Amino acid sequence: MCGARYYGGNEYIDEIENLCKDRALIAYGLNSEDWGVNVQPYSCTSANFATGLLLPGDRIMGLDTPSGGNTSHGRKVSGASIFFESLPYKVDPKSGIVDYDKLEERAVDFRPKILMVGVRIRESGIM
């Protein structure tokens with residue numbers, strides 16, 4: 001939930017989600033003391049299942065959590081780890097950039113059904 005995630009880097013996402021929640025309450029004329037809104041129904045693990053592309057036991061690769069990835073991309077604490085075999089990749093700690101040659105080598109060996117990629121924005125630029 002907004003402001004209560006145990007991994008960092010979601011300040012702007014929290015702002016957007018809170019804005020959406022406020023606007024949804026206004027749009028439906030609802031009082032925030034009586035009603036709540038969830039604007040992230042297909043995030044994290046549920047998004048992996050919602051794609052309909054994965055079956056139990058399929059292999060996935062995604063950015064590890066300390067590098068800006070989501071826990072559903074390979075952390076054993078995630079519900080996705082029950083269903084999918086995962087292998088995380090990392091950014092270089094000094095440059096903050098993915099070594100795509102190394103990533104390709106690992107992906108060729110691991111052969112994931114899905115390789116999740118994206119970008120994480122921080123105040124000083126793209127991470």
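**Exercise 1. Find the helix that holds Lys21, then decide whether Lys21 is buried or exposed and what surrounds it.**

Step 1. Lys21 sits in helix H1, residues 11–27. Helices here are DSSP runs of H or I with at least four residues, strands are runs of E with at least two, and both are numbered from the N terminus.

A word on the model before we go on: it is predicted, so local features need pLDDT of at least 70 and side-chain atom pairs count only at pLDDT 80 or more, while totals for chains, interfaces and linings use all residues. Residues are numbered from 1 along each chain as its sequence is written, and side-chain values use heavy atoms, with hydrogens and water left out.

Step 2. Lys21 is buried and has no salt bridge. Buried means under 20% relative accessible area, exposed over 50%, and partly exposed in between (1.4 Å probe, protein chains only). A salt bridge needs a side-chain nitrogen of Lys or Arg within 4 Å of a carboxyl oxygen of Asp or Glu.

Step 3. The nearest side chain of opposite charge to Lys21 is Glu17, 5.3 Å away.

Step 4. Leaving aside neighbours within four places in sequence, Lys21 is in contact with Met1, Cys2, Val37 and Val39. Contact means heavy atoms within 4.5 Å.

**Exercise 2. Work out which residues of H4 are buried, and what they pack against.**

Step 1. In H4 (residues 100–110), the buried residues are Leu103, Ala107 and Phe110. They lie on the same side of H4, because they cover an arc of only 70 degrees around the axis. The arc is taken from the directions between the helix axis and the C-beta atoms.

Step 2. A general rule helps here: an α-helix has 3.6 residues a turn, so residues three or four places apart point the same way.

Step 3. The other side of H4 carries exposed residues, including Asp101, Lys102 and Glu104.

Step 4. The buried residues of H4 pack against strands S1 (59–63), S2 (85–89) and S3 (114–115).

Step 5. Just past the end of H4 comes Arg111, with a positive phi near 55 degrees.

**Exercise 3. Count the salt bridges and say what each one ties together.**

Step 1. The count is 2.

Step 2. Lys113 and Asp58 form a salt bridge at 3.5 Å, N to O. Lys113 lies in the loop between H4 and S3 and Asp58 in the loop between helix H2 (44–50) and S1, so the pair ties together parts 55 residues apart in sequence. Asp58 is buried at 16% relative accessible area, whereas Lys113 is partly exposed at 47%.

Step 3. Glu85 and Arg59 form a salt bridge at 3.3 Å, N to O. Glu85 is in S2 and Arg59 in S1, so this pair ties together parts 26 residues apart in sequence.

Technical notes. Lys, Arg positive; Asp, Glu negative; His and termini not counted.
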